[in-house]
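Thanks for coming, everyone. I have one structure to walk you through this morning. Please have a look at it first.

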Amino acid sequence: MNDEEEIKDDEAEGAKAVGGEEDKSAEYLAGWKRALADYDNLKKEQGRERVEMRAAATADAASRIIPVIDNFDTAVKFVPEGIDDKLKNWLMGILFVQTQLDEVLRQMGVEPYGEAGDPFNANLHDAAGERADASAKPGTILEVVARGWKMGERIVRPAKVIVNT
């Protein structure tokens with residue numbers, strides 16, 4: 001073999017070695033990019049899970065507070081007539097506590113819904129009963145037995161209502 005042939009063989013081997021290194025480098029780069037994309041997807045998924053867990057915890061806490069507010073609503077319906085000033089002051093304090101609980105739920109993103117006169121919607125309301133009233137349209141809510149509560153579009157508790165037949 002002459003010198004020229006040896007040089008050509010060395011160049012060919014060098015080119016193969018460089019080509020092999022470039023292939024490895026490209027493979028490592030692709031693996032790194034996949035790992036980076038997997039990590040970004042993991043971060044996004046964990047963020048979604050955190051939001052879902054926070055919403056579930058808020059809904060759970062709200063569902064524990066709502067019965068207390070219902071008891072306040074019921075108690076206020078039965079306030080006796082002609083109470084003295086001392087009892088009126090006590091009642092004002094009780095109503096203030098009720099207002100604070102309502103505000104706590106609102107700060108948590110939980111809002112009440114369901115009013116007399118609204119159309120009945122089986123997705124939002126539970127029919128606690130029916131009653132005929134000629135002055136209202138059929139399918140209209142005549143009375144709200146218990147307010148409904150929702151958090152965004154999520155129903156925490158449906159409103160319990162009396163519906164016009």
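**Starting from one isoleucine**

Let's begin with Ile 94, which sits in helix α2. Keep in mind that this is a predicted model.

Is Ile 94 buried, exposed or partly exposed? Its relative accessibility is 26%. Buried would need under 20%, and exposed would need over 50%. So Ile 94 counts as partly exposed.

Now look across from Ile 94 to Val 76. In sequence the two are 18 residues apart. In space their C-alpha atoms are 9.1 Å apart.

Next, helix α2 itself. It covers residues 85-107. Does its span agree with its number of residues, or disagree? We have 23 residues at 1.5 Å each, so the helix should span 33 Å. The C-alpha atoms at its ends are 33 Å apart, so the two values agree.

Which residues of α2 are buried? Leu 91, Gln 98, Asp 102 and Leu 105 are. After α2 comes Gly 109, with a positive phi near 90°.

On to the strands. Strand β1, residues 110-113, pairs with β4. The sense is antiparallel, over four bridges. One pair to find on your screens: Pro 112 has Trp 149 in β4 as its bridge partner.

β4 also pairs with strand β5, residues 154-157. That pairing is antiparallel too, with three bridges. Here Trp 149 stands opposite Arg 157.

How many residues lie between β4 and β5 in their hairpin? Two. Gly 152 is in that turn, and its phi is positive, about 65°.

Now the inside. In soluble globular proteins, nonpolar side chains tend to be buried together. Which residues make up the largest nonpolar core here? There are nine: Ala 59, Ala 62, Ile 66, Ile 69, Leu 105, Val 110, Trp 149, Met 151 and Val 156. Two elements, α1 (3-77) and β4 (148-151), give two or more residues each. α1 gives the most, with four.

We have met some of these already. Leu 105 is among the buried residues of α2. Trp 149 is the bridge partner of Pro 112.

Take Ala 59 as a way in. Leave aside its neighbours within four places in sequence, and Ala 59 is in contact with Met 151, Arg 154 and Val 156.

Apart from this core lies another one, of five residues. Its members include Tyr 113, Ala 159, Val 161 and Val 163.

That's my tour. Over to you.

Methods: Residues are numbered from 1 along each chain as its sequence is written. This is a predicted model: local features need pLDDT of at least 70, side-chain atom pairs count only at pLDDT 80 or more; totals for chains, interfaces and linings use all residues. Side-chain values use heavy atoms; hydrogens and water are left out. A nonpolar core is a set of buried Ala, Val, Leu, Ile, Met, Phe, Trp, Tyr and Cys residues joined through side-chain atoms within 4.5 Å. Buried means under 20% relative accessible area, exposed over 50%, partly exposed in between (1.4 Å probe, protein chains only). Contact means heavy atoms within 4.5 Å. Two strands pair if DSSP finds at least two bridges between them. The expected span of a helix is 1.5 Å times one less than its number of residues.
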